[in-house]
Amino acid sequence: MTDQTESPLGIAVVPVTPFQQNCSVVWCTRTKEAAVVDPGGDVERIRGALTELGVTPAAIWLTHGHIDHAGGATELAGVLNLPIIGPHEADRFLLDALPQQGLMFEMRGVQAVTPTRWLAEGDTVSVGDLEFTVQHVPGHTPGHVTLFQKDLRFLLAGDTIFAGSVGRTDFPYGNHKDLIGGIKGKLLPLGDDVQFLPGHGPASTLGEERRTNPFLQGNSQ
């Protein structure tokens with residue numbers, strides 16, 4: 001997914017960390033105000049992308065508390081003086097433990113994250129003229145959220161749904177039934193035409209995943 005300057009919404013993906021996580025910069029093309037979504041690390045690469053795009057970062061948005069999504073948030077917030085918004089407070093334990101996560105994956109210097117604002121179901125976040133609505137979709141992590149721009153039919157999905165797959169739930173705190181229930185009950189009803197950017201891999205549409213994603217077929221959860 002690339003910069004869509006003809007649209008009210010600009011999007012650029014900055015792959016970060018050894019996990020090749022889709023950190024994204026989303027911005028209002030009229031105001032050039034931007035949010036950095038899930039800065040998992042490689043903060044200098046993210047800062048370089050912001051400069052190259054010519055946008056003004058206004059906030060960091062987090063979908064959940066895993067290191068590849070949140071590991072660079074505190075550093076980036078400190079350097080650019082940005083608020084950290086999200087995820088849901090149920091992921092507090094993961095954000096508190098980010099330094100320990102970093103040691104597990106040999107990612108040095110990772111700092112714990114204390115969000116400026118937690119998010120909950122139905123909340124909104126904005127960048128420039130554009131408002132995104134929050135869905136709380138646990139299962140991959142207890143506090144995972146997604147962010148939906150209704151007018152432009154665009155979803156920041158984090159690690160809930162992928163092209164051809166869904167988020168891992170084989171963690172002690174994971175719950176496959178909750179994840180599939182959230183995808184089917186909250187995300188798919190947004191509409192088949194909705195394009196989504198996942199936390200890893202290529203973009204897709206909710207309609208394509210409803211029709212072909214093997215994890216979403218039938219009534220089983």
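## A buried ring

Phenylalanine 132 counts as buried, at 0% relative accessibility. The model you are looking at is predicted, so a reminder of the cut-off may help: buried means under 20% relative accessible area.

Its partner is worth a look too. Tryptophan 61 has a relative accessible area of 1%, so this residue is buried as well.

## Aromatic pairs across the structure

How many aromatic pairs does a search of the whole structure find? The search finds 4.

One of them joins phenylalanine 19 and phenylalanine 105. Their ring centres are 5.1 Å apart and their planes meet at 80°, so the pair is edge-to-face, given that planes over 60 degrees apart fall in that class. This pair links distant parts of the chain, 86 residues apart. Phenylalanine 19 sits in the loop between strand 1 (9-16) and strand 2 (21-28), while phenylalanine 105 belongs to the loop between helix 5 (98-104) and strand 6 (124-127).

Are these two rings buried or exposed? Phenylalanine 19 is partly exposed, with a relative accessible area of 34%, and phenylalanine 105 is partly exposed at 39% relative accessibility.

## Back to the buried pair

Tryptophan 61 and phenylalanine 132 also form an edge-to-face pair, with 5.2 Å from centre to centre and 65° between the planes. Tryptophan 61 lies in strand 4 (residues 56-61) and phenylalanine 132 in strand 7 (residues 130-136), so the pair ties together parts that are 71 residues apart in sequence.

## A cluster to explore

Which residues form one aromatic cluster? They are Phe93, Phe171 and Tyr173.

How values were computed:
Residues are numbered from 1 along each chain as its sequence is written. This is a predicted model: local features need pLDDT of at least 70, side-chain atom pairs count only at pLDDT 80 or more; totals for chains, interfaces and linings use all residues. Side-chain values use heavy atoms; hydrogens and water are left out. Rings of Phe, Tyr and Trp (its six-membered ring) pair if their centres lie within 6.5 Å; planes under 30 degrees apart count as stacked, over 60 as edge-to-face and the rest as tilted. Helices (H or I, at least four residues) and strands (E, at least two) are DSSP runs, numbered from the N terminus. Buried means under 20% relative accessible area, exposed over 50%, partly exposed in between (1.4 Å probe, protein chains only).
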